[in-house]
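Me: I would like a close look at a single part of this model, the strand pairing and the aromatic residues packed around it. Please give one connected account.

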Amino acid sequence: WYEGNITGDVATAYIRYEEHNFEIGAYTIHAYVYDAAGNLSQRGLACNPTIPGKCGDGLEWILTTFGTLNIHGTGDMDNYARLENNYSPWHNYSASIKEVIIEHGVTSIGTDAFYWCENLKKVSIADSVTSIGANSFSGCTSLTGIEIPDSVTSIKDWAFWGCNGLTSITMPDSVTSVGVGAFEYCTGLISAVISEIGRAHV
């Protein structure tokens, strides 16, 4: 590893993923623990490698090798533009993302944020989010359900375009604006609980 520290009984080590071709995986760290007398007391510690980064002025993200992407902090998520080669910072790992957790304090989901995360199955959105960006979940074909919290007022164009595995959505009355094609080609929809304004756009 390149850097590490120990706090109590928790050891943290940092690996430069860019020097490993950005390959997400279970990197083996050989750890040895010695007691005060210098005797080896434990080896082969379990570890959970993660990839961290920033995705907004007050936001950070972390991706575990189990495929959970956690967004935390305070403020708006950055907007991205894939057509201009401005990709989300987790773009290189998009095929590994199975779950997204957007924690309380995040106020928006950025444009193109999770575009074509085709193995994404579960999304949890905190009730601090007010806006879901354009194309933010487009092409997430493994996503089967989405519950939009009652803090959200705006769902931008093509937000869930092509999510053909989506079978259920819940859209609260707080949503006052739904963009063009927000749920277009969601051909698997069986259950939709949506506000009056949303019915004209689904």
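Reply: T68 has E99 as its bridge partner in β9. The model is predicted, and this bridge belongs to the pairing of β7 (68-73) with β9 (99-102), two strands that run parallel and are joined by 4 bridges. β7 is also paired with β6 (59-64); here the strands run antiparallel, with 5 bridges between them. L69 of β7 is the bridge partner of L63. The hairpin of β6 and β7 has 3 residues between its strands, and G67 takes a positive phi there, near 90°.

These strands also contribute to the interior. The largest nonpolar core has 43 residues. At least two of its residues come from each of β5 (50-56), β6, β7, β9, β10 and β11, and β6 gives the most, with 3 residues. W90, F114 and I155 are the residues with the most contacts inside this core. In general, nonpolar side chains of soluble globular proteins tend to be buried together.

F114 connects the strands described above with the aromatic residues. Beyond its neighbours within four places in sequence, F114 is in contact with L69, M77, W90, V100, I102, I109, S136, F137, S138 and C140. L69, listed among these contacts, is the residue that bridges to L63. F114 has a relative accessible area of 0%, under the 20% limit, and is therefore buried.

The structure holds 9 aromatic pairs. One of them is formed by F114 and F137, whose rings are stacked at 5.2 Å centre to centre with 25° between the planes. F114 lies in the loop between β10 (106-109) and β11 (122-125), while F137 lies in the loop between β12 (131-132) and β13 (145-147); the pair thus links distant parts of the chain, 23 residues apart. F137 is buried as well, because its relative accessible area is 0%.

F137 has a second stacked partner in F160: the ring centres are 5.2 Å apart and the planes are at 5°, so this pair falls under the 30 degrees limit for stacking. F160 is in the loop between β14 (154-155) and β15 (168-170), and F137 is in the loop between β12 and β13, so the pair ties together parts 23 residues apart in sequence. F160 also counts as buried, because its relative accessibility is 0%.

The three phenylalanines F114, F137 and F160 belong to one aromatic cluster, which also includes W61, Y80, W90, Y93 and F183. W90 appears both in this cluster and among the residues with the most contacts inside the largest core. A further ring interaction involves R82, whose charged end sits over the ring of Y115 at 3.8 Å from its centre.

S151 gives a polar example of a buried position, in the loop between β13 and β14. Its relative accessibility is 15%, so S151 counts as buried under the 20% limit. Residues up to four places away in sequence aside, S151 touches A126, D127, S128, V129, T130 and S174.

For the protein as a whole, the secondary structure comes to 1 helix and 17 strands. Buried residues make up 39% of its 202 residues. The exposed area is about 11,000 Å², of which carbon and sulfur atoms supply 49%. Of the contacts between residues at least 6 apart in sequence, 32% join residues at least 24 apart.

How values were computed
Residues are numbered from 1 along each chain as its sequence is written. This is a predicted model: local features need pLDDT of at least 70, side-chain atom pairs count only at pLDDT 80 or more; totals for chains, interfaces and linings use all residues. Side-chain values use heavy atoms; hydrogens and water are left out. Buried means under 20% relative accessible area, exposed over 50%, partly exposed in between (1.4 Å probe, protein chains only). Contact means heavy atoms within 4.5 Å. Accessible areas come from the Shrake-Rupley method with a 1.4 Å probe; for residues, only the protein chains shown count as cover. Rings of Phe, Tyr and Trp (its six-membered ring) pair if their centres lie within 6.5 Å; planes under 30 degrees apart count as stacked, over 60 as edge-to-face and the rest as tilted. A charge sits over a ring if NZ of Lys or CZ of Arg is within 6 Å of the ring centre and within 35 degrees of the ring normal. A nonpolar core is a set of buried Ala, Val, Leu, Ile, Met, Phe, Trp, Tyr and Cys residues joined through side-chain atoms within 4.5 Å. Two strands pair if DSSP finds at least two bridges between them.
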